[in-house]
Amino acid sequence: MRIGVVGCAGRMGTTVLRQVLASGDLTLVGAVEREGAPAVGGDVGPLVGGGPMGITIGADPAPLFAEADAVIDFTTPETTTAFAALAAQGKTVHVVGTTGLGPEHEEALANAARHTAVVRAPNMSLGVNLLLALVERVAAALDDGFDIEVVEMHHRHKVDAPSGTALALGRAAATGRGVDFGTHAVLSREGQVGERRRGAIGFATLRGGDVVGEHTVLFAGPEERIELTHRAASRDIFARGALQAARWAHGRPPGLYGMRDVLGV
Ligand code: NAD
């Protein structure tokens, strides 16, 4: 299977490159970075700590989407939106790990998914996707006498908040409880916010150091509390999930899929 990597010099891009090269069953056919990025024009080898491999990092994504069976994309919402159109055009599997997507970006992915298989997940790890399923079940079992709070921590470079995973966990809780996420979510608190609203799904965001990603969902009830936690020890878990998604989506009919489809959880 022919794989392309966009945003290849990024934290996730380099992790994905390393895993594609180590995979044995996947062939790296190209790698693309943002126009003007220092990596453009260089060879992918040094990005993964090796010597030259004869694959030059490009700035034009169009030929990559035309040539690859699947493109793995951990970039920015605007970039992912532009790439979705190329994926639709080339009928290329688009694996999207980018977070911070707004409604306009989601719409672009849904449009592309009419023409090709798009797998998108704010978190591609097996553990977090199991956690999503568990949170939904626990929320379904408990009434709103249990207050739900989602706490997350990430490294200091992360630009969106709360994390895409935290939002997905909040949505899973809302689904389990049978309530609308939009009207129950409290994404941040500051100043005289008043007492906690019954049934609210609260969020708290921590940023610092090199934390890869930690999420806890608390169900705080009278005299007891349940806490479900996932801690990512390395970015490899996300890259592994992305490669699994690419393999799974290869040959599937067009559609917008999630990691729960891929992992069957
Ligand atoms: P990063 O900033 O290290 O990497 C992003 C890369 O994309 C950069 O190298 C940047 O130059 C490149 N880029 C930007 N615009 C581009 C363009 N037009 N063309 C080609 N490349 C372009 O960020 P990161 O930590 O690797 O995270 C990237 C995204 O992935 C973020 O949204 C992050 O939240 C998300 N993420 C998702 C998961 C998951 O499992 N879904 C896991 C980790 C990170």
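Me: Hi! How far is a backbone N or O atom of Met124 from an oxygen atom of the ligand?
Reply: In this predicted model, the distance between that backbone atom of Met124 and the ligand oxygen is 2.8 Å.

Me: Nice. Which distance goes with the polar side-chain atom of Lys158?
Reply: For Lys158, a polar side-chain atom lies 3.0 Å from an oxygen atom of the ligand.

Me: And what about Gly97, where a nitrogen atom of the ligand comes in?
Reply: There the partner is a polar backbone atom of Gly97, and the ligand nitrogen is 3.1 Å from that atom.

Me: How much of the ligand does the protein bury?
Reply: The protein buries 80% of the 860 Å² that the ligand exposes when taken alone.

Me: Who else is around the ligand, and which residues come nearest?
Reply: There are 20 residues around the ligand, and the ones that come nearest are Arg11, Met12, Glu33, Thr99 and Met124. So Met124 turns up again, and you may remember its backbone atom at 2.8 Å from a ligand oxygen.

Me: How does that shell divide into nonpolar, polar and charged?
Reply: The shell has eight nonpolar residues, eight polar ones and four charged ones.

Me: Which helices each supply at least two residues of the shell?
Reply: Those are α1, spanning 11-23, and α3, spanning 77-90.

Me: Let's talk pockets. What is the space taken by the ligand?
Reply: The ligand takes up the largest pocket. About 1000 Å³ of space lies in that pocket.

Me: How many residues line the largest pocket, and which lie nearest its centre?
Reply: The lining has 45 residues, with Arg11, Met12, Phe74, Thr75 and Thr98 nearest the centre. Two or more lining residues come from each of α1, α3, α6 (164-177), β10 (213-221) and β11 (224-232).

Me: What's the class split for that lining?
Reply: Of the lining residues, 19 are nonpolar, 19 are polar and seven are charged.

Me: Changing topic to the backbone: is the peptide bond from Ala161 to Pro162 cis or trans?
Reply: The bond from Ala161 to Pro162 is cis, and its omega is near -10°.

Me: Where does Pro162 lie?
Reply: Pro162 is in the loop between β7 (147-154) and α6. You met α6 earlier, as one of the elements giving residues to the lining of the largest pocket.

Me: Last one: is phi of Lys91 positive or negative?
Reply: Phi of Lys91 is positive, near 50°, and this residue is not a glycine. To find Lys91, look in the loop between α3 and β5 (93-96).

Conventions
Residues are numbered from 1 along each chain as its sequence is written. This is a predicted model: local features need pLDDT of at least 70, side-chain atom pairs count only at pLDDT 80 or more; totals for chains, interfaces and linings use all residues. Side-chain values use heavy atoms; hydrogens and water are left out. A residue is near a molecule or strand if one of its heavy atoms lies within 4 Å of it. A polar contact is a pair of N or O atoms within 3.5 Å; within protein, one must be able to donate a hydrogen and the other to accept it, and residues adjacent in sequence count only if both atoms are side-chain atoms. Accessible areas come from the Shrake-Rupley method with a 1.4 Å probe; for residues, only the protein chains shown count as cover. On a 1 Å grid over the protein atoms alone, a cavity is a set of points where a 1.4 Å probe fits but cannot get out, and a pocket is an open set with protein on both sides within 12 Å along at least five of seven lines; lining residues have an atom within 4 Å of a point. A molecule sits in a cavity or pocket if more than half of its atoms lie within 2 Å of its grid points. Helices (H or I, at least four residues) and strands (E, at least two) are DSSP runs, numbered from the N terminus. Ala, Val, Leu, Ile, Met, Phe, Trp, Tyr, Cys and Pro count as nonpolar, Asp, Glu, Lys and Arg as charged, and the others, Gly among them, as polar. Grid points are joined across faces, edges and corners, and a volume is the space filled by probe spheres set on the points.
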